Amino acid sequence: MKLNKLVQFVLASLMVAVITGCAPKADEPAKVELPAGKAFAEGKEIFFVHTEVSDPDIAKLLSDMMTSPVLYVPSLAQVPGEALANVYVFDNGLAGMGPLGFQADVFDNPPGTEGYTPLRRLNVVTWVDPAKAVMFTSVDEIMAAQESGQVTIAQPGVVVNMPFVVWDGGQR
């Protein structure tokens with residue numbers, strides 16, 4: 001009988017120790033996980049998250065793609081253009097992990113540069129001849145291809161909140 005009570009006491013003590021060890025410290029902020037997308041900015045690989053978007057169809061597309069909710073916030077479409085940076089998404093060309101099944105997105109204005117903001121104006125890049133597509137990793141490459149007639153760029157009026165989480169020289 002005494003042995004049984006001793007075993008119960010030891011097990012209860014171990015359980016308290018495990019629970020206490022797993023609990024966050026009172027003075028530490030809570031941490032969460034969000035799925036990050038991989039993209040490019042100024043020729044470097046970056047990672048970012050999608051949190052909100054001004055279009056309901058794109059909110060669903062991004063939510064399904066990332067298996068994490070991207071909120072539909074129609075008022076984002078009213079943000080003045082001078083408060084936005086750009087993201088370039090490809091709707092044909094090289095297959096890849098971009099939201100439309102093609103190459104990864106390309107961003108301008110990464111953190112640490114003038115004009116950085118997580119609010120991004122969506123630019124849809126279309127190859128005139130998808131068979132001639134090459135990988136772009138910078139906005140300068142995209143603009144040169146547009147000037148030479150290789151790609152067209154459309155702005156559907158969609159704004160996405162896309163904060164960087166890892167970039168050249170920094171991370172959150």
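**Contacts, strands and cores in the predicted model**

Of the contacts in the protein between residues at least 6 apart in sequence, 62% join residues at least 24 apart. The model is predicted. Its secondary structure comes to three helices and eleven strands, arranged along the sequence as α-β-β-β-α-β-β-β-β-α-β-β-β-β. Of the 172 residues of the protein, 36% count as buried. The accessible surface comes to about 10,400 Å², and carbon and sulfur atoms account for 60% of this surface.

Strand pairing is described here for β1, β2 and β10. Strand β1, residues 37-41, and strand β2, residues 44-48, are antiparallel and are paired over five bridges. One of the bridge partnerships is that of Ala41 with Lys44 in β2. The hairpin of β1 and β2 has two residues between the strands, and within this hairpin Glu42 takes a positive phi near 50°. Strand β2 is also joined to strand β10, residues 164-167, by two bridges, and these two strands run antiparallel. Phe47 stands opposite Val166 of β10.

The largest nonpolar core has 19 residues. Ile46, Val53, Phe107 and Leu122 are the residues with the most contacts inside this core. Two or more residues each are given by β1, β2, α2 (56-66), β5, β7 (119-127) and β10. The largest share, three residues, comes from α2. In soluble globular proteins, nonpolar side chains tend to be buried together. Beyond the residues up to four places away in sequence, Ile46 touches Gly37, Lys38, Ala39, Phe40 and Ala41, and the list continues with Phe107, Phe164, Val166 and Trp167. A second, separate core of 13 residues includes Tyr88, Val106, Ile142 and Ala145.

Strand β5 spans residues 85-90 and contains Ala85; Asn86 is found in strand β5 as well. Ala85 is buried, with a relative accessible area of 2%. The C-alpha atom of Ala85 is separated by 6.6 Å from that of Asp108, a residue 23 positions apart from Ala85 along the chain. Asp108 is also among the residues that Ala85 touches when those up to four places away in sequence are not counted; the others are Asn109, Gly115, Thr117, Leu119, Arg120 and Arg121.

Asn86 has a relative accessibility of 11% and therefore counts as buried, the limit being under 20%. Two polar contacts of the Asn86 side chain are reported here. One, of 2.8 Å, is made with the side chain of Arg121, and another, of 3.0 Å, joins Asn86 to the side chain of Asn123. With residues up to four places away in sequence not counted, Asn86 touches Val106, Phe107, Asp108, Arg120, Arg121, Asn123 and Gln155.

Asn161 is found in strand β9, residues 159-161. At 15% relative accessibility, Asn161 counts as buried. The side chain of Asn161 forms a polar contact of 3.0 Å with the side chain of Thr51 and one of 2.7 Å with the side chain of Glu52. Thr51 and Glu52 also appear among the contacts of Asn161 that remain when neighbours within four places in sequence are left aside, together with Val49, His50, Pro118 and Leu119.

The structure holds five aromatic pairs. In the pair of Tyr116 and Phe164, the ring centres are 5.7 Å apart and the planes lie at 85°, so the pair is edge-to-face. Tyr116 lies in the loop between β6 (106-107) and β7, whereas Phe164 lies in strand β10, so the pair ties together parts that are 48 residues apart in sequence. The accessibility of the two residues was also computed. Tyr116 has a relative accessibility of 24% and counts as partly exposed, because the buried class is limited to values under 20% and the exposed class to values over 50%. Phe164, at 0% relative accessibility, counts as buried. Tyr116 and Phe164 form one aromatic cluster with Phe48 and Phe107. Of these cluster residues, Phe107 is also listed among those with the most contacts inside the largest nonpolar core, and both Phe107 and Phe164 are among the residues that Ile46 touches.

Definitions and conventions. Residues are numbered from 1 along each chain as its sequence is written. This is a predicted model: local features need pLDDT of at least 70, side-chain atom pairs count only at pLDDT 80 or more; totals for chains, interfaces and linings use all residues. Side-chain values use heavy atoms; hydrogens and water are left out. Two strands pair if DSSP finds at least two bridges between them. Helices (H or I, at least four residues) and strands (E, at least two) are DSSP runs, numbered from the N terminus. Buried means under 20% relative accessible area, exposed over 50%, partly exposed in between (1.4 Å probe, protein chains only). Contact means heavy atoms within 4.5 Å. A polar contact is a pair of N or O atoms within 3.5 Å; within protein, one must be able to donate a hydrogen and the other to accept it, and residues adjacent in sequence count only if both atoms are side-chain atoms. A nonpolar core is a set of buried Ala, Val, Leu, Ile, Met, Phe, Trp, Tyr and Cys residues joined through side-chain atoms within 4.5 Å. Rings of Phe, Tyr and Trp (its six-membered ring) pair if their centres lie within 6.5 Å; planes under 30 degrees apart count as stacked, over 60 as edge-to-face and the rest as tilted. Accessible areas come from the Shrake-Rupley method with a 1.4 Å probe; for residues, only the protein chains shown count as cover.
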